[in-house]
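Okay, thanks for coming, everyone. I'll put one structure up on the screen and walk you through a few places in it.

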Amino acid sequence: KTPGNAAGEPKRDHMNPDLAVRKQLVCGLSVLNGLQQAGPARWEAGSFYDPRDGRRYTIAMELKSPDVLVARVYLGMRILGKSQTLIRAHRTNKVWC
């Protein structure tokens with residue numbers, strides 16, 4: 001994914017339900033909030049904001065290794081959610097945003 005839109009401009013949070021913040025940059029946006037530790041490598045009861053659709057989802061996460069995180073994202077019932085494995089991207093000399 002690229003931090004810019006088709007015109008090469010930085011992506012903005014244009015789907016945010018709060019009109020006052022729709023011009024904020026997506027790059028650097030805080031998307032995780034309120035996670036509570038539920039074990040040595042588990043967190044639950046947090047929220048995940050998806051700037052692609054402007055919705056806030058419930059999230060639970062488990063750290064499988066220092067570089068692998070499994071996240072369960074859902075609305076309402078956890079069983080109806082989607083699990084996604086996230087792998088740490090190691091920084092290079094390239095600019096991220």
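Let's start with Pro 17, which is exposed, because its relative accessible area is 62% and anything over 50% gets that label. Bear in mind that what you're looking at is a predicted model. Pro 17 sits in the segment before β1, the strand covering 32–33. What does Pro 17 touch once you leave aside its neighbours within four places in sequence? Just two partners come up, Arg 22 and Gly 54.

Now hop over to Ile 59. Along the chain, Pro 17 and Ile 59 are 42 residues apart, and their C-alpha atoms are separated by 20 Å. Ile 59 has a longer contact list: not counting residues up to four places away in sequence, it includes Leu 32, Leu 35, Phe 48, Ala 71 and Val 73. Glu 44, Ala 45, Gly 46 and Ser 47 are on that list too.

Ile 59 also belongs to the largest nonpolar core, together with Phe 48, Tyr 57, Met 61, Leu 69 and Ala 71, so 6 residues in total. Which elements give two or more residues to this core? Those are β4, running 55–65, and β5, running 68–74. The largest share, 3 residues, is from β4. As background, nonpolar side chains in soluble globular proteins tend to be buried together.

Next up, Asp 50, over in strand β3. Is Asp 50 buried or exposed? Buried, since its relative accessibility is 8% and the cut-off is under 20%. Its side chain reaches the backbone nitrogen of Arg 52 at 2.9 Å. Beyond four places in sequence, Asp 50 touches Arg 55 and Tyr 57, and Tyr 57 is one of the core residues I listed.

While we're on β3, have a look at how it pairs. Strands β2, residues 36–39, and β3, residues 42–50, run antiparallel and are joined by 3 bridges. The hairpin between β2 and β3 goes through 2 residues, and Gln 36 stands opposite Glu 44 in β3.

Zooming out, the protein has 6 strands and 0 helices. The C-alpha atoms fill a box of roughly 45 × 35 × 20 Å along the principal axes. Of the 97 residues, 20% are buried. Among contacts with a separation of 6 or more, 16% are between residues 24 or more positions apart. The protein exposes about 7400 Å², with carbon and sulfur atoms supplying 56% of that.

That's my tour, over to you.

Technical notes: Residues numbered from 1 in each chain as written. Predicted model: local features only at pLDDT ≥ 70, side-chain atom pairs only at ≥ 80, totals over all residues. Heavy atoms only, no water. Core = buried A, V, L, I, M, F, W, Y, C linked by side-chain atoms within 4.5 Å. Buried < 20%, exposed > 50% of the residue type's maximum accessible area, 1.4 Å probe, protein only. Helix = DSSP H or I, 4+ residues; strand = E, 2+ residues; numbered from the N terminus. Contact = heavy atoms within 4.5 Å. Pairing = 2+ DSSP bridges. Polar contact = N/O pair within 3.5 Å; in protein donor to acceptor, adjacent residues only side chain to side chain. Areas by Shrake-Rupley, 256 points an atom, 1.4 Å probe, with all protein chains shown as cover.
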